[in-house]
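Reader: I should like to learn how to read the features of a structure that is new to me. Might we begin with the terms and then turn to the case at hand?

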Amino acid sequence: MTLVNGNLLALFLCSILQKGGVDLANGEADLIACAIRGDQEAFRQLWEAHHAVAMATALRLCHHRALAEEITQGAFLLAWRGLPRFQSSYPFRPWLLRILYRHALDVMEKQRVHLQPVSLDEIMEAEAGFASSMHCTHDDLQELIAQREELRHALARLSPDQRRVISLRYGADLTELDIAQILDWPLGTVKSRLNRARERLRVLLNDTKGEGL
Amino acid sequence: MQWNSNDTQKEQRDLDERLAAYYGPQLREQPLPQASWQSVRQRLTPRRSVKLPHIRLRQRWRRRQRFIPADVHAAFQRVAYESRNICTLAMLRYTQKAGIHEPAVRISLLPRPALGLILPREPLSASALDVLIATGAARYHIMRQARALAIRFLLTSIALFSCMLATLSWLYHWLQVDIPIAIVLCSCSCGIMLWRRRHTALLADRLVVYWLGRERTCQGLHALADHSRTPYRGRWGEPSLSERITRVCATRVATRNGRRLTLAR
């Protein structure tokens, strides 16, 4: 019933937007209304407007360009399917990014990204892509790789839920409330899992440091 | 205790910094190549419509209406690109009729799709399609401007009001002068509406020339004239094809089927 109401509302909204001379040809609300009706050209314009930001978000989470592209494409496909349920009074990008975060975490767990070593090329590319450029010497780069590997090993030993929370907290700069909304968890659960994940990481990294000594 | 607490806080800060360094700061936008969109587009599933029993027949009729042939689709994409997306594909409705020879485009500001394309069975050239769709888009763009809408509303209101006044005066035997006044008002407003319609059509032609270029517009107009049996005659309140060709092309050429729109000079 909700789906029926949503579809009828979208049809009504599209017809309202197209009448009476209101110039919304390029407006996002118009594009979304038309995309809900199946207009792929309108959806392409949404892709043009938002895919670059989605790709940057995915790349920051997974550090693999090809995987980030796959995640971005998957997020848009999920958005296409979910558009009839989208409330057009809200902005489109946050809704898209929420889909992207969930999809990225699922894909990363499925493909066990945390078990794959980060390549030197990807680190160099990520350094070049940072908003604030960091110029690293060769020694700095070696040190950076070593630290990343150490942290990656520690993250691999967390539970999947703890990894999700850490990824969203530090890879997407989300607050605990945002994480709770995205993962559909109670706020208390997010806080406790985040604290346990940090504690576990501290222990693992201290153990590693101890072994290194 | 305090030393342990400080130590823990320091460790936490160190861990936060390491995790922030691991993921890195926010990245710049990372545009993807066109091939990425093509990959997404191929996987877009058709929108499944909600099937309610009492509107199934209407949906089937609408589905037939929504079919747009590939050449019309391509022409629309060309025009949309040139006009910087003045209109979207969702606004286009395509109908093919067996009995007509002259293609036409109807513009509507009511709550239904804005550009109604009516084509004959015989195929049209690409330039004719481009000009036809561009003409519709240009007229739609001009007609939906606030000033044009306001004037149209005012004139329609005057015409309706004068008709009502005339009717009521005749029914209730009011002042004798009411009926002639009403007739004059109605005629004037209808006359002005026809003049505005013609003016809009000529303005739209200028916009079409701006989008498509004069040469392509001329080719298209000539191709449309070839399909018309009466290129000298325009629809009610609109310039004829021959007049449009004269204004746009500023040259006069004979049509393909031998009828001369022009005089050789």
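Author: A residue counts as buried when its relative accessible area is under 20%. In this predicted model, B:Y22 and B:Y23 are both buried.

Reader: How is a pair of aromatic rings described?

Author: Such a pair is described by the distance of the centres and the angle of the planes. For B:Y22 and B:Y23, the centres are 5.1 Å apart and the planes stand at 90°, an edge-to-face pair.

Reader: How many aromatic pairs does the structure hold over all chains?

Author: There are nine over all chains. One of them joins A:F86 and A:F92, whose planes meet at 85° with the ring centres 5.8 Å apart, so this pair is edge-to-face. Both A:F86 and A:F92 are buried. Ring pairs also link A:F43, A:W47, A:F76, A:W80 and B:W37 into a cluster.

Reader: Which residues have the most contacts inside the largest nonpolar core?

Author: They are A:F43, A:L83, A:L155 and A:I166, in a core of 69 residues. Among the residues that A:I166 touches are A:L155, A:L194, B:L19 and B:Y23. A second, separate core has 44 residues, including B:I86 and B:V208.

Reader: How are two packed helices described?

Author: One gives the angle between their axes and the distance between the axes. Helices α5 and α9 of chain A pack at about 75°, their axes 10 Å apart; α5(A) and α9(A) are therefore roughly perpendicular.

Reader: Which residues of α5(A) and α9(A) meet?

Author: From α5(A), A:R98, A:Y101, A:R102 and A:L105 meet A:Q181, A:I182 and A:L183 of α9(A). The residues of this contact comprise four nonpolar, one polar and two charged.

Methods
Residues numbered from 1 in each chain as written. Chains lettered and ligands numbered in written order. Predicted model: local features only at pLDDT ≥ 70, side-chain atom pairs only at ≥ 80, totals over all residues. Heavy atoms only, no water. Axes fitted to C-alpha atoms, helices over the stretch in contact; angles between N-to-C directions. Helix = DSSP H or I, 4+ residues; strand = E, 2+ residues; numbered from the N terminus. Parallel < 35°, antiparallel > 145°, perpendicular 65-115°, else oblique. Contact = heavy atoms within 4.5 Å. Nonpolar A, V, L, I, M, F, W, Y, C, P; charged D, E, K, R; others polar. Core = buried A, V, L, I, M, F, W, Y, C linked by side-chain atoms within 4.5 Å. Buried < 20%, exposed > 50% of the residue type's maximum accessible area, 1.4 Å probe, protein only. Phe/Tyr/Trp six-rings, centres within 6.5 Å; stacked < 30°, edge-to-face > 60°. Lists of a residue's contacts leave out its neighbours within four places in sequence.
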